[in-house]
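Please work through the following exercises with the sequence and the structure at hand. Each task is followed by a stepwise solution.

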Amino acid sequence: MTFFLIVTLNGLTLAALYFLAASGFTLIFGLMRTVNMAHGALLLLGGYVGFEVAKTTGFWPLGILGGGLAAAFAGALIQFGILGRFQGDELRQTLASIALSIIMADLMLWYWGGITYQVALPDALAGGFKLPLLGVGYASIRLVLIIFAVVVGITLWLVIAKTRLGAIIRAGVDDREMLRALGFDVAKIFIIVFALGGLLAGMAGVVAASALSIAPGTDLQFLLSSLVVVIVGGMGSVGGAALGALLIGLAEQYGLAYAPTYGVVFTFAIMVFVLAVRPQGLLGRSET
Amino acid sequence: MGIEPLLSIRDLQVHYGTSHVLHGVNLDVDQTSLGMLGRNGMGKTTLCAAIMGLVPISGGSIHFDGHDITSSTPEKRARLGIGYVPQGRRVFRSLTVEEHLRMMQRKGSEWTIERVFDTFVRLKERRRNLGDQLSGGEQQMLAISRALMLDPKLLVLDEPTEGLAPAIVSDVIDLVVRLSTEGMGIMLVEQNIHAAFAAAQNVAIMVNGLIVEKLPTAVLEGDIELQKRHLGIEPGQITAEEDLV
């Protein structure tokens with residue numbers, strides 16, 4: 001029983017990370033139909049910058065903020081300078097973003113090298129604490145990560161559901177062309193959303209570098225997980241990203257714990273099942 | 001004439017792939033109401049989309065209110081004062097009525113949310129409902145309202161009475177007439193010939209991607225022969241728009 005609960009907690013931790021990474025990805029896809037294959041690179045960039053900021057200032061939250069902002073800026077720059085030029089040409093955008101992800105990965109390898117980085121945690125989070133009832137220790141940072149993901153999720157939901165910007169984003173998801181015909185500069189909104197997606201990816205990168213660690217390859221790992229999460233949850237739906245992350249995170253950990261040989265199969269079995277039964281994703285809406 | 005028309009279209013060409021949809025449309029729209037008639041598939045909706053910049057054009061020019069908008073973006077055209085009420089209404093399904101209007105709100109605009117709610121009481125009652133929870137008539141009111149909140153000089157309506165109950169059709173017509181008397185330019189694309197006759201001072205007829213006639217409504221109303229030739233209908237035969245589809 002204790003083992004099961006610990007595995008569940010690990011699954012939730014992973015799900016929280018997956019959600020942070022996938023929420024920005026799904027937001028960008030939902031509005032722009034852009035499959036941003038550089039999303040993982042933005043996450044890794046955020047992680048590295050967050051590491052540097054946290055090391056220099058010695059203040060962990062500042063690292064999260066710095067990593068998030070750096071990736072937000074890079075995301076806005078990518079949309080403004082490159083992907084925005086191919087708006088409406090999704091295949092070209094996707095290919096360009098693959099090229100970008102390779103270039104960014106190589107530049108980061110050049111600057112930060114091939115070693116593994118872990119962000120130093122503040123003392124309050126560095127240790128573990130005893131879980132009530134179970135009587136076993138658990139890393140504090142992992143619980144902080146879960147709380148962080150929940151807070152980010154709720155904030156994102158509030159922004160999208162309650163603000164004018166959120167209404168414009170939703171309108172753009174529904175009918176981008178009509179939004180333009182009503183006088184909205186969609187190109188500008190796209191840049192804002194790309195920055196928002198980058199912010200989420202960057203923060204996810206710093207959090208990943210704190211709870212786990214980051215190294216070359218982390219970018220592709222999270223890109224893949226984001227793709228799977230978003231396919232399962234439904235493209236363009238933040239709630240779907242949360243649900244997809246939960247399913248995939250838990251499935252991965254249960255698989256690892258109870259059927260290590262076939263662990264990775266569970267993830268893709270879920271994906272195949274969803275694609276067969278509900279191709280638009282669990283909370284996605286089919287194209288009309 | 002002398003003064004420049006509000007909207008001036010010259011030799012407008014549009015291709016969809018290999019099919020040639022608009023074959024050199026020439027059309028002026030001024031601060032009155034113009035009904036655009038024609039059978040299905042003659043290019044009326046394409047013309048509206050081309051005016052808004054939503055389809056690529058392959059030749060010709062469009063001028064609006066002293067600006068050459070031939071290669072302007074849709075958002076620029078909207079901000080210059082072209083309000084677009086598209087076919088099928090295209091309200092945003094995941095926005096509430098109120099969000100639709102709040103999104104369009106600008107300082108100093110003649111059309112405020114309050115004015116919209118005064119004009120369309122039904123929308124006020126349904127302000128918390130999402131776009132896809134509205135009836136066709138309510139969606140139409142909303143589609144017109146959000147276009148009006150741009151304070152347009154020209155309102156382009158593409159089949160606003162399509163699929164609406166007769167009572168709602170006459171509401172839409174009354175509104176169009178009122179806007180026209182307030183000095184707004186109106187271009188009203190219609191399948192429903194009676195709606196166009198009731199709402200528009202002049203009518204243009206589109207056949208195979210060309211404007212073949214432009215004449216005062218009263219003249220076309222009296223010319224059964226012309227109606228038959230271009231619109232292929234016996235007057236009085238149509239009771240509902242289904243007959244035309």
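**Exercise 1: a nonpolar surface patch**

Task: Determine which element gives the largest share of the nonpolar patch, and where A:Leu224 is placed.

Solution. Step 1: Helix H12 (residues 263-277) of chain A contributes four residues, the largest share of the patch; helices are DSSP runs of H or I with at least four residues, numbered from the N terminus. The model is predicted: local features need pLDDT of at least 70, side-chain atom pairs count only at pLDDT 80 or more, and totals for chains, interfaces and linings use all residues. Residues are numbered from 1 along each chain as its sequence is written, chains are lettered from A in the order in which they are written, and side-chain values use heavy atoms, without hydrogens and water.

Step 2: A:Leu224 lies in helix H10 (residues 218-233) of chain A. This residue is partly exposed, at a relative accessible area of 45% (partly exposed lies between buried, under 20%, and exposed, over 50%; 1.4 Å probe, protein chains only).

**Exercise 2: the contact of chains A and B**

Task: Describe the contact between chain B and chain A.

Solution. Step 1: Chain B gives 22 residues and chain A gives 21 residues to the contact (heavy atoms within 4.5 Å).

Step 2: Five salt bridges are counted between the two chains (a side-chain nitrogen of Lys or Arg within 4 Å of a carboxyl oxygen of Asp or Glu). A:Arg180 and B:Glu75 pair through their side chains in a salt bridge, at 2.8 Å from N to O.

Step 3: On the side of chain B that touches chain A, helix H2 (74-80), helix H3 (97-104) and helix H6 (136-148) each give two or more residues.
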